[in-house]
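Visitor: I'd like to go through this one by asking what the labels rest on. Can you take me round?

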Amino acid sequence: MKVLIRGGRLIDPKSGIDGLYDILIDGPVIEEISRGARRPDSRIKVIDASGKIVSPGLIDVHAHLREPGYEYKETIKTGTLAAVRGGFTTVVCMANTDPVNDNRSVTKFIIDKALSEGSCRVLPCGAITKGLKSVELAEIGEMFEAGITAISDDGRSVRSAGLLRKALEYAKIFKIPVISHCEDETLSGGYVHEGRASLLSGLEAVPAIAEEVIVERDIAVARYVDAPIHLTHISTAGSIDIIERFKKGFKKITCDTCPHYFTLTDEATLDYNTNAKVNPPLRSKHDVEAIKAGLRKGTIDIIATDHAPHEITSKDVEFDLAASGISGLETALALALGLVHEGVLTMNELLAKMTVNPAKLLGLKSGGIAEGGRADIIIFDPDLEWTVDKDLFTSKGRNTPFDGMTLKGKNLLTMVDGRIVYRDEGF
Amino acid sequence: MKNKVILDKKAIQRTINRITHEILEKNEGCTQLCLIGIRTRGIHLANRIQNAIKSVEGITLPFGVLDITMYRDDISKLKWPEVKKTEISFDVNNMTVILVDDVLHTGRTTRAAIDAIMDLGRPKKIQLAVLVDRGERELPIHPDYAGIVCPVSIKEEVLARFSEIDGKDEVVIVKTP
Amino acid sequence: MNWKRKDLLGIRDLSKEEILFILDTAESFKDISKREIKKVPTLRGKTVITLFYEPSTRTRTSFEIAAKRLSADTINISSSTSSSTKGESLKDTARNLESMRPDAIVIRHGMPGAPHMLAGILDSSIINGGDGSHEHPTQALLDLFTIREKKKHIDGLKVVIVGDIAHSRVARSNIFSLKNFDNRIVCCGPPTMIPPHLETLGVTVEYDMNNAVKGADVIMMLRIQKERGGTTYIPSTKEYATLYGLRKDHVERAANDVIIMHPGPMNRGIEITDEVADGPYSVILDQVENGLAVRMAVLYLLIGGEA
């Protein structure tokens, strides 16, 4: 049976379409995009999207699905359910599982598991170094054969610049992005941003430069070997400055930030709320403003979630002992829409950072809505207000600092390959 | 209802004079005698007794102030009672302590005061002087010197007022709301 | 003054009025320790647990004696006897203790926010006996009490705090308390031990000890943790002693009636010379005595009346 999404405002940054269009979907494929010409037909299932926005499914270049090894935090099944609830149709999952995704059998396990239990597309990211230990390169070629989309040692930086250089060079064979987590371990070693809030809370702090020196190092290495580099979860004003400066002469830099870095400041940690403990840490107001400016100016290409689900007991402890991370898939769209409501980005600019730009980074054909293309589509209401209730999360991770907050904008329906994989109760 | 004045300024003065003479009579003078007033209004009464004794005997008795908050038996039922200072600079050992309070009711304040004094040393005697004994005792405590005995109902309150802090001298019975 | 708090977690939460109220209450309790019978029945039937995850003789003993002088029962649990070594979480330990219905728990913990966590889950009053590098509220209160006792006022003073400001809960709590009273606070120490943004708390930073102590009314020396020496913060404790140890010639540069404070335990010969520690300007033992009065006042205010 064909499906007709009717009456919605279609925004597709990839093709530049923005207007009222009907989309006819036949099986997994988009058959036709038209302007309300089609008459109702009993063989067509109609979804009324009037007053709503229809866009390509969101693509997250940075999430932790925790499987294999940490199934008590999240599984591919629950993580992808959370993804589709949040409006994501494609998710890149990081390699810091147990065992680490540094070999083809783990890659294959993830891909098989996602095909049988996942609700959306799952693209595994392989490790850069074996065991994420920064000693020797992982078998990137074998993992590529098995299906990885990118490589990253996310959770830490590649400790030596020399090893990073080799990874950047080696990745050229497969044309897959190298995603860099920027953190100098000799400067970090704390739990919150070093600033006035850390002074007040007495918590051990991480200075902004712990991120910035590696941003600068990684860009310098990439530029030298003329290889693309993607810097993930950028959080400081200094990083934005450095990236902006280098982007002028070197076009192969991309970067992303996450919703918490443009919505919360380090003041969220003043009451020792472990759900606000995340790495990199929540920064100062000045940094938050710089991140927003970076998004507006296009310095930041992508908004990712860094979805990092944890079980309750790893957060229900002293701040120092608590695990880092925010369960982010189910709040990302609403928080990102805040940028549109605030006037930082246009709707088109925002959606570009969550659809076509990530697709481009990952070398995907998806990320847009086109006749003959795969039907990865979402329908959302940008103005619908709802209150975050962690207990209603589909993710196993209820670790969110946004619990109880009222957000504006909600995903209503998610379609992957033409199948409706999520539909909001009220829609 | 209008408050009923049971002692006015002159009556208070007469009563204090009488108590003073009773104290001197009972203790055969004022050797080894001291006065300790219970916060807040016991201080003023004790102060006046001290003055009266001075005018009779020409001697200024040692004078102390006792805060009994730390010794109350109902402390955990009070909404944050403020603790004030106890100021007793002399040695109470072997002294005859005249404990002074304005109104004697249940006897619990007196009990607390006796305990507090005993923690300071071992006086020879403790005697109790009050301006008003309103009855309704809950402990076996009896005043040695009482200005006026005036049983009042539980719904009424007896208030002693002293010009030093209340603007005028009087003892009144007021209805409690 | 209407005291309403269940817990004492930090000085930063307290208003000026609350701080003064605690000091005034402490005045009344100070006399008790001077009497032959050093005990009042005020907290009879109440139970105070001291839960110490870090070694401490001074603070724990002070709280214990304070509670005992108020007739409360005390139970001391220190890290070697607590279940922490068996891997029990702080939360579980606290819940177990709560089942025994203590009225107050004094907690010392190496991690900032541990007392706040307990306060959030327990009905007992929680008193922060020092949490990591965060706060040590009763220390700041006893310091302020001592300053008021010696100086007769607590405003318009030049107070110099010397040492590892970055990792000192004593420094933090003292800065928070002294800032309520219009004092000039100078923090002095090696730059590696001065946290960035410290000036935003309204204090001046000075690296040179001779300049810092000039005209000081109060000099507070912090304990230098020997384990930090020779590693990353300072080259050696010997060098630290040369640059930041308090000597007689420093005291001579200060005000004529300067007082020298130290939260203890002292590393004699490192942050302070014997001559100064035992000298006429030292009020270090007064601090210990006043600590008792302040902790009695805090216990009384938190668990003395009806919540």
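**What earns each label**

Visitor: What makes helix α1 of chain A "mostly covered"?

Guide: In helix α1 (residues 76–86) of chain A, 10 of the 11 residues are buried. A residue is buried if 20 or more other C-beta atoms lie within 10 Å of its own, exposed if 12 or fewer, and partly exposed in between, with C-beta atoms placed from the backbone. Among the buried ones are Ile76(A), Leu81(A), Val84(A) and even Arg85(A). Right after α1(A) comes Gly87(A), with a positive phi near 100°.

This is a predicted model: local features need pLDDT of at least 70, side-chain atom pairs count only at pLDDT 80 or more, and totals for chains, interfaces and linings use all residues. Residues are numbered from 1 along each chain as its sequence is written, while chains are lettered from A and ligands numbered from 1 in the order in which they are written.

Visitor: And what would count as exposed in chain A?

Guide: Try Thr186(A), in the loop between β10 (178–180) and β11 (192–193) of chain A. Thr186(A) has 9 C-beta neighbours inside 10 Å, so it counts as exposed. For scale, Thr186(A) and Asp26(A) are 160 residues apart in sequence and 55 Å apart in space, C-alpha to C-alpha.

Visitor: Why is strand β8 of chain A called largely enclosed?

Guide: Six of the six residues of β8(A), residues 121–126, are buried, so the rest of the structure largely encloses it. "Strand" here is a DSSP run of E, at least two residues, and "helix" one of H or I, at least four, numbered from the N terminus. In a regular strand, side chains alternate between the two faces of the sheet. Here Arg121(A), Leu123(A) and Cys125(A) are buried on one side, with Val122(A), Pro124(A) and Gly126(A) buried on the other.

Visitor: How do you know which strands pair with β8(A)?

Guide: Two strands pair if DSSP finds at least two bridges between them. Strand β7 (residues 88–93) of chain A has four bridges to β8(A), and strand β9 (residues 150–152) of chain A has two, so by that rule both pair with β8(A). Each of these pairs runs parallel. Val92(A) has Leu123(A) as its bridge partner in β8(A), and Gly126(A) has Ile151(A) in β9(A). From β8(A) the chain crosses through helix α3 (residues 140–146) of chain A to β9(A), a right-handed β-α-β crossover; that is, with the strands pointing away from the viewer, the path from the first strand over the helix to the second runs clockwise.

Visitor: Over in chain B, what makes β3 and β6 edge strands?

Guide: β3 (63–66) and β6 (145–149) of chain B each pair on one side only. They belong to an open sheet of five strands with parallel pairing, in the order β3-β2-β4-β5-β6. Inside it, β2(B) (residues 33–38) has five bridges to β4(B) (residues 96–104), with Cys34(B) partnered by Val97(B).

Visitor: How does helix α2 of chain B run relative to β2(B)?

Guide: At about 150°, as α2(B) (residues 41–57) lies across β2, β3, β4 and β5 (125–133) of chain B. Axes are lines fitted to C-alpha atoms, for helices over the stretch in contact, and angles run from 0 to 180 degrees between N-to-C directions. Helix α3 (residues 108–120) of chain B lies across β2, β3, β4 and β5 of chain B at about 155° to β4(B).

Visitor: Which way does α1(B) pass α2(B)?

Guide: In a right-handed crossing: the near helix is turned clockwise from the far one by less than a right angle, whereas anticlockwise would be left-handed. Helix α1 (residues 9–26) of chain B packs on α2(B) at about 65°, axes 9 Å apart.

Visitor: How do you know which chains touch?

Guide: Two residues are in contact if their C-beta atoms, placed from the backbone, lie within 7 Å. Two pairs of chains are in contact, and chains A and C share the most contacts. There, 15 residues of chain A are in contact with 22 of chain C. Chains A and B do not touch; their nearest C-alpha atoms are 27 Å apart.
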